[in-house]
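Q: Could you take me through one part of this protein up close, and then show me how that part sits in the rest of the chain? I work at the bench, so plain language is welcome.

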Amino acid sequence: MRLCRHPDLLLTWGGSGSSLAIGSTGVEVPGKGLVEILDLFHEPLSMSDAIRRIPSRDARVVRAQIRVLRDLGYLLTEGAASRARSQLRAWRGNEASVRYHAACRDLTYLAGPRKFEAFVRKTVLPRPKPAPFKTYERARRVAIPASERTWETNELERVLLKRRTIRAFSREPVDPRKLARLFRLTFGVSAVLPSDLFGPLVGRTSPSGGALHPIEAYAIVWNVRGLAPGVYHYDMGGNLARLRKGDFRAVAVEVASGQTWVRRAAFLCILTAVFPRVLWKYPTEDSYRTLFLDAGHLAQTFCLVATSLGLGPFTTAAIQDSKIEKLLRIDGIDEFPVYLCGAGVPARQPGRAEKKSRKRL
């Protein structure tokens, strides 16, 4: 049996020596003494052939190290290596993007208010809190006209002031017309823009770098009147396609990293990024961050529209990437999750859990 290096193997140097990591998983181990072995496997090679090529090393030690590298996925069988898809190649060689993406996947979040409070008291509160905003004391002040110091003069201002993250919901189902309007105004096509060089470009109510719109919208629905519970995809043409049928409330909590209050909402939107849309025009390292800027624009629009419709919106970046990719059957390379947003009919009076969470904040 012959082995090959993983196509996305990265090598970095730290204070204690080298570290190895697969860009697509972010697994790291001390790499001392392993670099020489990995260098041999740039082409398919059997274990015995590899041992013969470094006669200065103890054969038993080399054999054990090769097994460790294989167990970690750093070395693949020749067949697996031929089937493995390189994220580095798919992302046009953007090594920094691959590394950052791997480091942020499937993070573990604290479960329960006691653990959270203990962590805050031990790790956060002992450090001085930064100033909430900057002021330039010596700069010349320009007075704002008194007429511009009032609020709630129009509907947009009222919606902006009313927008809050909601975590307490009633059991009342969401009106399907409100869901349709929310999705259309947030994720639908609002314009078609002519372009001589790039052809027709679509517009949404939120901006997108290069009008490329890499964000796709999925929804786990469980409490919308007349709409069967399940997993849906919303296309820019205004259609909901049901991908999976059933009650996925428990899954919604899991993909939101165990935030149990999510199940009391009516639906959860999963925003994913289709990176090739951006890389087609912008193959540079900074293109990765535009995905999250686009998602943020859409999420803010989502929250404002939901508020105007009388719904209680929320957003969260505490996502479990692998669970979402499995749920949506996406590959995690061309398309991967970036943000969550959802809504429900807000409770008329905040429940005890909501009051406690406000008190903690």
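Which residues do the side chains of Arg 105 and Glu 325 bring together, and are the two buried or exposed?

A: Happy to. In this predicted model, the side chains of Arg 105 and Glu 325 meet in a salt bridge, with 2.8 Å from N to O. The pair ties together distant parts of the chain, since its members are 220 residues apart. Arg 105 sits in the loop between helix 6 (95–103) and helix 7 (113–124), while Glu 325 belongs to helix 13 (residues 321–328). Both residues are buried, which means that each has under 20% relative accessible area. As background, side chains of opposite charge can pair when their charged atoms come close.

It helps to set this pair beside others. The whole structure holds 15 salt bridges, and one of them joins Arg 52 to Asp 49, where the closest N and O atoms are 2.2 Å apart. Here the partners share an element: both are in helix 2 (residues 47–53), 3 residues apart, or about one turn of the helix. In general, an α-helix has 3.6 residues a turn, so residues three or four places apart point the same way. Arg 52 counts as exposed because its relative accessibility is 57%, whereas Asp 49, at 28%, is partly exposed.

Another salt bridge links Glu 137 and Arg 141, with 3.9 Å between the closest N and O atoms. That distance still counts because the cut-off for a salt bridge is 4 Å. Both Glu 137 and Arg 141 are exposed. There is also a network, in which salt bridges with shared partners join Arg 85, Asp 331 and Asp 334.

Now back to the neighbourhood of the Arg 105 loop, beginning with helix 6. The buried residues of helix 6 are Ser 97, Val 98, His 101 and Ala 102. Viewed down the helix axis, they fall within an arc of 125°, so they line one face of helix 6. These buried residues pack against helix 5 (87–90), helix 12 (287–308) and strand 14 (335–344).

On the other side of the loop comes helix 7, where Phe 119 is placed. Phe 119 is partly exposed, with a relative accessible area of 40%. Together with Leu 110, Phe 116, Val 124 and Leu 125, Phe 119 forms a nonpolar patch on the surface, and the accessible area of this patch is about 460 Å² in total.

Farther along, Lys 134 is in the loop between helix 7 and helix 8 (155–162). Lys 134 counts as exposed because its relative accessible area is 67%. From C-alpha to C-alpha, Lys 134 and Gly 296 are 24 Å apart in space, with their positions 162 residues apart in sequence.

You may be wondering about the cysteines as well. A search of the whole structure finds 0 disulfides. For Cys 303, the nearest cysteine sulfur is that of Cys 341, 6.8 Å away. Cys 341 is in no disulfide either, and the nearest cysteine sulfur to its own is that of Cys 269, at 4.5 Å. Neither distance meets the test, because a disulfide needs the sulfur atoms within 2.5 Å. Cys 303 is buried, with 4% relative accessible area, and Cys 341 is buried too, at 0%.

One more spot worth a look is Pro 276, which is found in helix 11 (residues 275–279). Pro 276 counts as partly exposed, with 33% relative accessibility. The C-alpha atoms of Pro 276 and Ile 333 are separated by 9.2 Å, although the two residues are 57 apart along the chain.

Finally, let's step back to the whole chain. The protein chain has 14 helices and 14 strands, and its C-alpha trace spans about 80 × 50 × 50 Å along the principal axes. Of its 361 residues, 40% are buried, Arg 105 and Glu 325 among them. The chain exposes about 21400 Å², of which carbon and sulfur atoms supply 55%. Among contacts between residues at least 6 apart in sequence, 69% join residues at least 24 apart. The pair we started from, Arg 105 and Glu 325, links distant parts of the chain as well, at 220 residues apart.

Definitions and conventions: Residues numbered from 1 in each chain as written. Predicted model: local features only at pLDDT ≥ 70, side-chain atom pairs only at ≥ 80, totals over all residues. Heavy atoms only, no water. Helix = DSSP H or I, 4+ residues; strand = E, 2+ residues; numbered from the N terminus. Buried < 20%, exposed > 50% of the residue type's maximum accessible area, 1.4 Å probe, protein only. Patch = residues over 30% accessible without salt bridge, like charges linked within 9 Å, V, L, I, M, F, W, Y side chains within 5 Å. Areas by Shrake-Rupley, 256 points an atom, 1.4 Å probe, with all protein chains shown as cover. Arc of directions from axis to C-beta. Contact = heavy atoms within 4.5 Å.
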